[in-house]
Amino acid sequence: TQVPHPYHVNNDNYSREQHHSHQGGNTFTPNSMNASHTFLLATEEDEKWLSEFLCFVRWHCIEAFCASQHDVFSRSGSKKVKLGQVGIRCRFCANSPERGRIRRSSTFPSSLSRVYQSLTMMLRDHFPNCSYMPPKEKQLYTTLRSNASQGVVGSKDYWVTSAKSLGLIDTADGISLNDGRHSADSKEKGHTFRADSDC
């Protein structure tokens, strides 16, 4: 039996209220599909399932967000997304000019089961080269990554279950917040999902 990996990085200075533009942590308001509608994927259960490195990433390096009108209009072809579709992005360069961002600064996983895989590509291609990442965070990122373990058995399934606990669901248009608008549509279309969209 594997023992859950303890998470030693201090999150006291990075509360949910500081992270969000709205109060109340992951209390969603699905109708406010604008650029400020962001939330954490991290939960207090992370330390029981994930490596110290992945806990750090979920608390400090990434944020989930709902696609705004700008996101919809700025993406075309294979990168096309729907208004309100949930994506993941680097929190350090999220509000910087698009031209200055390193590739894979954001991603729209096609389903909850692909969230972990999409993040691994960001970890490989984006964060080591993101110029907007503060030196302190980059040093800790590098240190923790070099010592990263795989987490406990079942940790990959945890990415799905924890996302569901936050109100995220799979739809034919990718990941969305569970506001009741997609349930019937998803069943009718048999959950046939598009490919992931990275930027």
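A residue counts as buried when its relative accessible area is under 20%, and as exposed when that area is over 50%. The model on screen is predicted, and the tour starts with a residue to which the first cut-off applies.

**Stop 1: D46**

Select D46, which is found in helix α2. Is D46 buried or exposed? Its relative accessibility is 0%, so D46 counts as buried. Now show what surrounds it. Leaving out residues up to four places away in sequence, D46 touches C55, R58, W59 and Y158.

One of these neighbours deserves a closer look. Add R58 to the selection: the side chains of D46 and R58 meet in a salt bridge, with 2.8 Å from N to O. Helix α2 covers residues 46-49 and helix α3, where R58 lies, covers residues 52-61, so the bridge ties together parts that are twelve residues apart in sequence. R58 has a relative accessible area of 1% and is therefore buried.

Keep R58 selected and add W159. The charged end of R58 sits over the ring of W159, 4.6 Å from the ring centre.

**Stop 2: helix α3**

Extend the selection from R58 to the whole of α3. Why can α3 be called largely enclosed by the rest of the structure? Ten of its ten residues are buried, which is the reason for that description. Colour them in turn: E52, F53, L54, C55, F56, V57, R58, W59, H60 and C61.

**Stop 3: the largest nonpolar core**

Helix α3 leads into the next selection. The largest nonpolar core has 35 residues, and those with the most contacts inside it are V57, C61, F127, Y141 and L168. Which elements give two or more residues to this core? They are α3, β2 (62-66), β3, α5, α6 (135-146), α7 (155-165) and β6 (174-177). Of these, α3 gives the most, with six residues.

Centre the view on Y141. Apart from its neighbours within four places in sequence, Y141 is in contact with F53, F56, V57, C61, L123, F127, P128 and M133. Show the rings of F53, F127 and Y141 together, since ring pairs link these three into a cluster.

**Stop 4: F65 and F108**

How many aromatic pairs does the structure hold? There are five. For one of them, select F65 and F108. Their ring centres are 5.2 Å apart and their planes stand at 65 degrees, so the pair is edge-to-face. F65 is in strand β2 and F108 in strand β4, and the pair links distant parts of the chain, 43 residues apart. Both rings belong to buried residues, F65 and F108.

Leave F65 on screen and add R89. The charged end of R89 sits over the ring of F65, at 4.4 Å from the ring centre.

**Stop 5: R104 and D125**

Return to salt bridges. Side chains of opposite charge can pair when their charged atoms come close. The count for this structure comes to six salt bridges.

Select R104 and D125. Their side chains meet in a salt bridge at 2.6 Å, N to O. R104 lies in the loop between β3 (86-90) and β4 (106-108), while D125 lies in helix α5 (residues 115-125), so the pair ties together parts that are 21 residues apart in sequence. Widen the selection to take in R103 and R124: salt bridges that share partners join R103, R104, R124 and D125 into one network. Within that network, R104 and D125 are both buried.

**Stop 6: K48 and E45**

Go back towards the first stop and select K48 with E45. Their side chains meet in a salt bridge of 3.3 Å, N to O. Buried, exposed or partly exposed: which word applies to K48? K48 has 42% relative accessibility and so counts as partly exposed. E45 also counts as partly exposed, because its relative accessibility is 36%.

**Stop 7: S165**

The last selection is S165, whose place is in helix α7. S165 has a relative accessible area of 55% and is therefore exposed. Add S162 and show the backbone: the side chain of S165 reaches the backbone oxygen of S162 at 2.5 Å. Then add L41. S165 and L41 are 124 residues apart in sequence, and 9.9 Å apart in space, C-alpha to C-alpha.

Definitions and conventions. Residues are numbered from 1 along each chain as its sequence is written. This is a predicted model: local features need pLDDT of at least 70, side-chain atom pairs count only at pLDDT 80 or more; totals for chains, interfaces and linings use all residues. Side-chain values use heavy atoms; hydrogens and water are left out. A salt bridge is a side-chain nitrogen of Lys or Arg within 4 Å of a carboxyl oxygen of Asp or Glu. Buried means under 20% relative accessible area, exposed over 50%, partly exposed in between (1.4 Å probe, protein chains only). Helices (H or I, at least four residues) and strands (E, at least two) are DSSP runs, numbered from the N terminus. A nonpolar core is a set of buried Ala, Val, Leu, Ile, Met, Phe, Trp, Tyr and Cys residues joined through side-chain atoms within 4.5 Å. Contact means heavy atoms within 4.5 Å. Rings of Phe, Tyr and Trp (its six-membered ring) pair if their centres lie within 6.5 Å; planes under 30 degrees apart count as stacked, over 60 as edge-to-face and the rest as tilted. A charge sits over a ring if NZ of Lys or CZ of Arg is within 6 Å of the ring centre and within 35 degrees of the ring normal. A polar contact is a pair of N or O atoms within 3.5 Å; within protein, one must be able to donate a hydrogen and the other to accept it, and residues adjacent in sequence count only if both atoms are side-chain atoms.
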